[in-house]
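Please read the points below with the sequence and the model open side by side. They are numbered for ease of reply, and each deals with one topic.

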Amino acid sequence: KGPNRLSTTQWQQLQGVLEWAEPTPEKVAAAIWLLAVRPIGKYRSVTSQIPSAHQRPDQAVRYVLASYPFLAPTGHHLEKHIRLFVTSTLELQLNFNFAQMLQGENVPANLLQLKEFILKKSGEETLKFYVLFLLGFLSGLAGGSGSRFMNCSNARSTIPGLHILMRVLKKDPTALYWTYIHNRAVELGRKPENTADLAVVRLACLCRAQTAKDLHQLQESWYHLSAGEQSSLLRHFLADGVVNQAIVFEFLPLCLERAKNNAFVTIPSLLQILVELLTAVRAVAQKAGAKVSKDTPEDQGPGGSKLRTLAVDLGELAGFILLVQNSYIFQTCLCRAKLRMTAGRLVLEVSQENWRRVREPHTDVIMLANSVRELVHQKKQEKDGNRIAAGEPLNLLVVESEIF
């Protein structure tokens, strides 16, 4: 309803996606059942009763349905080949999250994992059921009469993302990923000229930017960084997890959203923290033997591809950003935080000392320390002059914008 309702073109495109998925009454019933039982994995009262290795939402749903099938008896009435689509959908979401792709949160390696997983199963039929499930999931987000989420603004990113999935079995996943980012840039009023532009646009996706003004404000935050900080983030945002080592920061979009709304944090400060965190993650992961170093073996995808990714959970940092009311305490929070390796991924633990100081007043000592920190950053910028981190020409990437 209202001015943000789907356009006629968007509605027709969504109908085209649905027709491509070839829904049958049995598949629709299975998708609805899966949408109904999937929230089980988000209830702490449930996950606290199962082994710790299975307590993440999608893992928890798989474990509960496999170990306690009587809790969702409708599943027994699904035909065997339809149940396989359901279990495959739950399994593929362990390595690929569509919402993360829309936000630029994951990397091309995750799209490659999706492709290889689908090929291992029943191929396009499994992919079509997954897309059908996503249509139901996205249409029901936020509830309401009609669809509160699937409006004109959100459809600008959702529909191209669905088109990417429809072509993932036939196109190169890395090219598809950067095609999506490239087209999001065009949608935001900018045509990328080099890889640095693509990196900033990926950051814009992480910030959930929806207008050219949003992208411009983000570009100003980028220019606030020193050339060295830009170079570090450029390397991070362009890493694909196939050729280059990639770190996937889970909950980064939520961190950025809360940083934007917290005057004691701000986007530039969070980006500076991210630069420090990247260095710490690589050091801790290498020491722990994780696969993010050139000297260590790579992870192997479902189809045998060598993948080089590491997930880092920033959930606690997102909560800290929401509550902290002291800019210096935030800027130095990593000094009091800890990275913990668990089940092949890192978790950033903010620590009790940080939580105790979220409302610490701005004393003279803290204000002096903050001024010194700002002075060091200004000197670094003066040393860099007007330099910005330069990207490479886009012809080094395969961008197939014509697929849309």
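1. In this predicted model, Arg56 and Glu250 form a salt bridge in which the closest N and O atoms are 3.5 Å apart. Arg56 sits in the loop between α3 (44-47) and α4 (57-67), while Glu250 belongs to strand β1 (residues 246-250), so the pair ties together parts of the chain that are 194 residues apart in sequence. The two partners fall into separate classes of accessibility: Arg56 is partly exposed, with a relative accessible area of 34%, whereas Glu250, at 10% relative accessibility, counts as buried because that value is under 20%.

2. A second salt bridge to look at is the one between Arg156 and Glu187, where the closest N and O atoms are again listed as 3.5 Å apart. Here the partners come from two helices, Arg156 from α9 (residues 152-166) and Glu187 from α10 (residues 173-187), so that this pair ties together parts 31 residues apart in sequence. Arg156 is partly exposed at a relative accessible area of 30%, and Glu187 is also classed as partly exposed, with a relative accessibility of 43%.

3. The third pair that I would check joins Glu349 to Lys338, with the closest N and O atoms 3.8 Å apart. This salt bridge connects distant parts of the chain, since Glu349 is in strand β6 (residues 345-349) and Lys338 is in strand β5 (residues 338-342), eleven residues away. Beyond single pairs, salt bridges with shared partners join Arg56, Glu250, Asp313 and Arg345 into one network, and the structure as a whole holds 13 salt bridges. As general background, side chains of opposite charge can pair when their charged atoms come close.

4. Which residues have the most contacts inside the largest nonpolar core? They are Phe98, Leu111, Tyr130 and Leu165, in a core that has 52 residues, and it is helix α8 that gives the most to this core, with nine residues. Apart from this core lies another, made up of 49 residues, which include Leu203, Leu218, Leu310 and Leu334.

5. Leu111 deserves a separate look, because its contacts can be followed one by one once its neighbours within four places in sequence are left aside. On that basis, Leu111 is in contact with Phe96 and Met101, with Ile164, Leu165 and Val168, and with Pro173, Leu176 and Tyr177. Leu165, one of these partners, is itself among the residues with the most contacts inside the largest nonpolar core.

6. The second largest pocket holds about 660 Å³ of space and is lined by 23 residues, of which Leu6, Trp11, Ser139, Ser147 and Met150 lie nearest its centre. Helices α1 (8-21), α2 (25-37) and α8 (124-140) each supply at least two residues of this lining. Sorted by class, the lining is made up of eleven nonpolar, nine polar and three charged residues. Helix α8 thus appears in two places in this note, as a contributor to the pocket lining and as the element that gives the most to the largest nonpolar core.

7. Two backbone angles should be inspected by eye, given that most residues other than glycine have a negative phi. Glu22 has a positive phi, near 50°; its place is in the loop between α1 and α2, and it is partly exposed, with a relative accessible area of 42%. Phe251 also has a positive phi, near 75°, and is found in the loop between β1 and α14 (252-260), where it counts as partly exposed at 38% relative accessibility.

8. Is His76 buried or exposed? It is exposed, with a relative accessible area of 52%, which puts it in that class because the cut-off is over 50%. His76 lies in the loop between α4 and α5 (80-92), and, when residues up to four places away in sequence are not counted, it touches Pro69 and Arg83.

9. Finally, some totals for the chain may help to place the points above. The chain has 19 helices and six strands, and 48% of its 404 residues count as buried. Among contacts with a separation of 6 or more, residues 24 or more positions apart account for 74%.

How values were computed:
Residues numbered from 1 in each chain as written. Predicted model: local features only at pLDDT ≥ 70, side-chain atom pairs only at ≥ 80, totals over all residues. Heavy atoms only, no water. 1 Å grid on protein atoms, 1.4 Å probe; cavity = no way out; pocket = protein on both sides within 12 Å on 5 of 7 lines; lining within 4 Å. Points joined across faces, edges and corners; volume = space filled by probe spheres on them. Helix = DSSP H or I, 4+ residues; strand = E, 2+ residues; numbered from the N terminus. Nonpolar A, V, L, I, M, F, W, Y, C, P; charged D, E, K, R; others polar. Core = buried A, V, L, I, M, F, W, Y, C linked by side-chain atoms within 4.5 Å. Buried < 20%, exposed > 50% of the residue type's maximum accessible area, 1.4 Å probe, protein only. Contact = heavy atoms within 4.5 Å. Salt bridge = Lys/Arg side-chain N within 4 Å of Asp/Glu carboxyl O.
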